[in-house]
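Visitor: I'm new to this structure, and I'd rather get to know one part well than skim the whole thing. Please pick a loop, give me a close look at it, and then show me what lies around it and elsewhere.

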Amino acid sequence: MSVELDVFVGNTTIMDEEVYQLWLDGYTVNDAVKVRMEGGVMDECEASKDVLLSDTMDQYRTFQMCERLLHSPAKLANQLLFQIPPHRQIMLIERYYAFDDTFVREVLGKKLSKGTKKDLDDISTKTSVTLKSCRRQFDNFKRVFKVVEELKGPLVENIRQHFLLSDKLARDYAAIVFFANNRFETGKRKLQYLSFQDFAFCAGQLISNWTVGAVDNMVEDMDVDLDKEFLQELKELKILITDKDLLDQHKSLVCTALRGKTKVFIEMEGSFKNLSRGLINIAAKLTNTKDVRDFFIDLVEKFIEPCRSDRWSAADMKLYLTHYTNSAHILDTFKHQVVWDRYMGVVKSCIFKMYHD
């Protein structure tokens with residue numbers, strides 16, 4: 001019995017984006033076939049289950065062979081084994097380095113070490129992200145961290161250039177690297193309401209304003225290590241709470257500016273000194289590694305929670321912090337305006353992001 005076959009020969013590597021995503025998500029070949037069948041691919045292509053299985057296995061093999069190239073994305077453009085158009089290369093890289101926000105939220109601020117990797121089973125169960133996908137994402141975080149810690153220059157740009165990622169994804173990886181390096185606490189129950197993107201925004205603020213790179217853009221670890229000289233200078237801000245005349249004068253200026261502009265004025269006036277002590281004590285303790293790690297939990301406990309219990313709205317919070325920051329410029333004997341603005345600029349931005357009505 002003779003069989004007629006239509007044969008097409010080409011040299012472009014065929015990659016189905018849906019199958020690639022299933023592979024990235026950690027599906028087995030058989031589970032991927034089920035998903036494809038449920039999606040109606042057999043009706044579209046008039047293919048049998050055996051053909052679909054063969055196609056899926058073939059694509060999985062291709063992805064596995066490409067994976068070592070994806071570990072060093074620049075190699076993908078220069079290799080000759082797979083003929084992959086540039087736009088498809090961009091897709092492969094971007095999706096390979098993409099991550100689940102629920103997964104990264106569990107490892108954010110933790111050491112990217114074997115100890116954390118041992119916890120991936122539990123994290124997989126908790127987040128419903130497959131263990132295989134958890135491992136890929138964790139290994140990507142670790143790989144990026146190891147490459148950029150040896151480089152001089154801006155963190156986001158280094159990640160973008162070495163891993164060929166989009167600006168948004170490079171910024172997210174910069175946040176992950178920054179949090180891993182400084183070991184910020186993000187896992188406490190009081191911080192669970194904050195998303196990865198909330199923390200990523202705060203990381204961007206800290207990198208731009210509090211790191212060594214904020215003052216010198218060509219040093220090692222410039223966007224990873226906090227500027228120790230600046231952290232030392234923050235101790236000078238304590239005069240705002242230790243000098244009674246300055247504290248009273250600051251309170252008077254802020255309350256005069258706020259009177260008649262908010263329904264919670266009485267609460268603002270009554271809590272001014274405690275809130276000011278809270279913010280300035282956070283600043284003064286940032287020379288200690290443990291207090292750096294507790295920066296976000298301190299903001300929540302010393303400032304956000306008291307305001308929330310007094311029923312401040314987000315608009316009230318913005319109004320208060322704006323006048324609190326600006327009024328310090330009018331204090332005659334306060335001489336640390338530059339350090340104050342550098343500190344409060346970041347604190348304000350982080351609190352605005354962290355304060356959910």
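Guide: Let's start with Arg311, which is exposed, with a relative accessible area of 72%. That puts Arg311 well inside the exposed class, because the class begins over 50%. One thing to keep in mind as we go: what you're looking at is a predicted model.

So where is this residue? Arg311 sits in the loop that links H19 to helix H20, and H20 covers 314-327. Its backbone has a quirk, too: phi of Arg311 is near 65 degrees, a positive value in a residue that isn't glycine. For some background, most residues other than glycine have a negative phi.

Now step back from the loop into the helix before it. Helix H19 runs over residues 295-309, and Cys307 is part of it. Ser309 belongs to helix H19 as well. These two make a nice pair to look at together. Ser309 counts as exposed, at 57% relative accessibility, whereas Cys307 is buried, with a relative accessible area of 1%. Cys307 falls in the buried class because that class is anything under 20%.

What does Cys307 touch, once you set aside residues up to four places away in sequence? The list is Leu275, Trp312, Met317 and Tyr355. For a sense of distance, take Gly278: Cys307 and Gly278 are 29 residues apart in sequence, and their C-alpha atoms are 12 Å apart in space.

Two of the names around here turn up again when you look at Tyr320. Leaving out neighbours within four places in sequence, Tyr320 is in contact with Val254, Leu258, Met268, Phe272, Leu275, Phe303 and Trp312. Leu275 and Trp312 are therefore contacts of Cys307, a buried residue, as well as of Tyr320.

Tyr320 also takes us to the inside of the model. The largest nonpolar core has 111 residues, and Tyr320 is among those with the most contacts inside it, along with Trp210, Phe295, Phe296 and Tyr343. The helix that gives the most to this core is H12, residues 167-182, with 10 residues.

How does our loop fit into the whole chain? The chain is divided into domain 1 (17-97), domain 2 (101-188) and domain 3 (228-354). Measuring between C-alpha centres, domain 1 and domain 3 lie 52 Å apart. You can get a feel for that kind of span from single residues, too. Ser309 and Pro73 are 236 residues apart in sequence, and 49 Å apart in space from C-alpha to C-alpha. Another pair to try is His87 and Asp316, which are 229 residues apart along the chain, with 47 Å between their C-alpha atoms. His87 is in helix H6, residues 86-97, and is exposed, with a relative accessible area of 56%.

For a buried spot to set beside His87, go to Leu22 in helix H1, residues 17-24. Leu22 counts as buried at 7% relative accessibility. Not counting residues up to four places away in sequence, Leu22 touches Tyr27, Ala32, Val35, Arg36 and Tyr60.

There's one more loop I'd compare with ours. Ser128 lies between helix H9 (120-127) and helix H10 (131-148). Like Arg311, Ser128 isn't a glycine and yet has a positive phi, near 65 degrees. Ser128 is exposed too, at 68% relative accessibility.

Last stop: the empty spaces. Searching the whole structure turns up 3 cavities of 30 Å³ or more. The second largest cavity holds about 40 Å³ of space, and its lining is made of Val107, Leu108, Gly109, Lys110, Leu112, Phe141, Ile176 and Ala180. By type, that lining divides into 6 nonpolar residues, 1 polar and 1 charged.

Conventions:
Residues numbered from 1 in each chain as written. Predicted model: local features only at pLDDT ≥ 70, side-chain atom pairs only at ≥ 80, totals over all residues. Heavy atoms only, no water. 1 Å grid on protein atoms, 1.4 Å probe; cavity = no way out; pocket = protein on both sides within 12 Å on 5 of 7 lines; lining within 4 Å. Points joined across faces, edges and corners; volume = space filled by probe spheres on them. Nonpolar A, V, L, I, M, F, W, Y, C, P; charged D, E, K, R; others polar. Core = buried A, V, L, I, M, F, W, Y, C linked by side-chain atoms within 4.5 Å. Buried < 20%, exposed > 50% of the residue type's maximum accessible area, 1.4 Å probe, protein only. Helix = DSSP H or I, 4+ residues; strand = E, 2+ residues; numbered from the N terminus. Contact = heavy atoms within 4.5 Å. Domains from an automatic or database assignment.
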